[in-house]
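Reader: I would like a close look at a single part of this model. Please keep it brisk and give me the numbers.

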Amino acid sequence: METKKTKGSGFLKVTGILMIIAGAIAIVTSIIGALGVAALVYLSDGAASSGLLYASVVLMIVSAGTELAAGIIGIINCNKPEKAQTCIKWGAIVAGLCILGNILNAAGGGALSIFSLLLGLVLPVLYIIGAVFNKQELGE
C-alpha cells in the first residue's frame with residue numbers, strides 16, 4: 001500500500017514533533033518541580049500544605065507524559081488516515097489536561113490566566129486539526 005503525503009499528514013507530523021519537544025521539556029521541568037516541592041515540604045517541617053502541591057506535580061508529570069505520547073502517536077500515524085480518530089482522542093486528552101492544570105492553578109490561589117490557557121491549547125488544537133484533515137482523506 002502506497003502512502004501519499006497530504007495536508008493533514010504534514011500538519012499532524014509537524015505538530016507531533018512539536019508536542020514531543022514540548023513534552024520532553026515538560027518532563028524535565030516536572031522533575032525539577034517535584035524536587036522543589038519535596039524541598040519545600042522538608043524545609044517547612046510540615047508547616048506548608050503539601051497536598052495541592054503534590055497534586056500539581058502529579059498532574060504536571062501526567063500531562064507531560066501524555067503530550068509526549070500524543071506526539072509520538074501523531075508521528076507514527078501521520079500517514080494513516082484510518083488512525084486519525086485515535087490522534088483526535090489523544091489531542092483532546094492533552095487539551096483537557098491543559099484546562100485541568102489551569103483550573104488547579106486557580107484553585108491553588110493563582111490567577112486564572114486566559115493567555116496561559118490559550119497558549120497551552122494552541123498545540124493540542126493544531127494537532128487535532130491535523131488529525132481531522134487526515135480523517136477527511138478517508139472520505140475522498
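Author: Phe133 is partly exposed, because its relative accessibility of 24% falls between the buried limit of under 20% and the exposed limit of over 50%. This is a predicted model. Phe133 has an aromatic partner, Phe11. A search of the whole structure finds one aromatic pair. That pair is Phe11 with Phe133, and the arrangement is edge-to-face. The ring centres are 5.9 Å apart. The planes meet at 75 degrees. Phe133 sits in helix α4, residues 114–139, and Phe11 in helix α1, so the pair ties together parts that are 122 residues apart in sequence. Phe11 is partly exposed too, because its relative accessibility is 28%.

Now follow helix α1. This helix spans residues 7–43 and includes Leu18. Leu18 has 40% relative accessibility, so it counts as partly exposed. Leu18 also belongs to a nonpolar surface patch. Its other members are Val14, Ile17, Ile21 and Ile25. The patch covers about 430 Å².

Next comes Gly71. This glycine is found in helix α2, residues 51–76. Gly71 has a relative accessible area of 0%, so it is buried. What does Gly71 touch, leaving out residues up to four places away in sequence? The contacts are Gly16, Met19 and Ile20. Val58 gives a distance to set beside this. Gly71 and Val58 are 13 residues apart in sequence. In space, they are 20 Å apart, C-alpha to C-alpha.

Conventions:
Residues numbered from 1 in each chain as written. Predicted model: local features only at pLDDT ≥ 70, side-chain atom pairs only at ≥ 80, totals over all residues. Heavy atoms only, no water. Helix = DSSP H or I, 4+ residues; strand = E, 2+ residues; numbered from the N terminus. Buried < 20%, exposed > 50% of the residue type's maximum accessible area, 1.4 Å probe, protein only. Contact = heavy atoms within 4.5 Å. Patch = residues over 30% accessible without salt bridge, like charges linked within 9 Å, V, L, I, M, F, W, Y side chains within 5 Å. Areas by Shrake-Rupley, 256 points an atom, 1.4 Å probe, with all protein chains shown as cover. Salt bridge = Lys/Arg side-chain N within 4 Å of Asp/Glu carboxyl O. Phe/Tyr/Trp six-rings, centres within 6.5 Å; stacked < 30°, edge-to-face > 60°.
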